[in-house]
Amino acid sequence: MRKVLITICSILLVLPAFSGEILLDGIFQGKNLYVMNPFASSGVGFCVFEVTINGKTSTDEINSSAFEIDLSVFQFNVGDKVTIAIKHKDNCLPKVLNPEVLKPKSTFTTASINVEKDGTLKWTTSGEAGKLSFIVEQYRWNKWIKVSEVDGKGTSGSNSYTAKVNPHSGNNKFRVKQIDYTKKPRYSTEADFRSPTPPISITSKKFDTEITFSGETLYEIYDFYGNIVLKGLGAKVDITSLKKGDYFINYDNTMDQFKKK
């Protein structure tokens, strides 16, 4: 019985005092991670005792105050999913110095972008390095507005996308953009399109319960203080919920104003 107790105690002595792990989920971007590794709270050895990448134990030398997690040895392709677990002892906490290298970065270039006659925006990209959404924007009412969003494929080869848009009468401009962890948008080139659709006009005159247009159009209504109160797509707008007063209205490619009665 005494031998069994000695054996159990010996095992407990060699096992690290486990506190938890830092989990990093992301996308391989071709770069390695760097970790600051403090001493264990006991003063013996360092905090980190194991690192795994996608479930496989890393062979990197981790018994130092700072170490590198070398992802190149796993032969990942740019865009592959990566999960890194950094297991550490009790009462100490390692720090990953550059976790952003696992976050998708907008790197696309625009090979082509155009609008078809049926109102479909088409664009082709290359050089993507991680899945990020494409935000479709139209220049309308003296500003760029979001009109659609499409999931990016994230692969480095040639990728093709489409999005249904609603061109206004006359000359139109469209573009797409991505925003990555840097919060700095990356834009495509612009697509010009001239619509043969006749200009839309307001056909209602009373402005008491609704506003009617001569055709379907995107619209925005702002109050006197510049707060948007109604927006949408249609041939008419129900304005019964609006208080009496002055409002600004954007529709088709026109900016106007009206008084709710």
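**A disulfide, a nonpolar patch and an exposed serine**

S241 sits in the loop that runs between β17 (228–238) and β18 (245–251). The structure described here is a predicted model. In this model S241 is exposed, its relative accessible area being 58%. A useful sense of scale comes from pairing S241 with F46: the two residues are 195 residues apart in sequence, and their C-alpha atoms are 65 Å apart in space.

We turn next to the cysteines. The count of disulfides comes to 1, and the bond in question joins C47 to C92, with an S to S distance of 2.1 Å. That distance is within the 2.5 Å cut-off for a pair of cysteine sulfur atoms, so the pair qualifies as a disulfide. The torsion about the S-S bond of C47 and C92 is about 90°, which makes the disulfide right-handed. C47 belongs to the loop between β2 (33–36) and β3 (48–53), while C92 belongs to the loop between β6 (81–89) and β7 (95–96); the disulfide therefore ties together parts that are 45 residues apart in sequence. Both C47 and C92 are buried.

Strand β2 also brings the surface into view, since Y34 has its place in this strand. Y34 is partly exposed, with a relative accessible area of 41%. Together with M36 and L97, Y34 makes a nonpolar surface patch of about 290 Å².

Technical notes. Residues numbered from 1 in each chain as written. Predicted model: local features only at pLDDT ≥ 70, side-chain atom pairs only at ≥ 80, totals over all residues. Heavy atoms only, no water. Helix = DSSP H or I, 4+ residues; strand = E, 2+ residues; numbered from the N terminus. Buried < 20%, exposed > 50% of the residue type's maximum accessible area, 1.4 Å probe, protein only. Patch = residues over 30% accessible without salt bridge, like charges linked within 9 Å, V, L, I, M, F, W, Y side chains within 5 Å. Areas by Shrake-Rupley, 256 points an atom, 1.4 Å probe, with all protein chains shown as cover. Salt bridge = Lys/Arg side-chain N within 4 Å of Asp/Glu carboxyl O.
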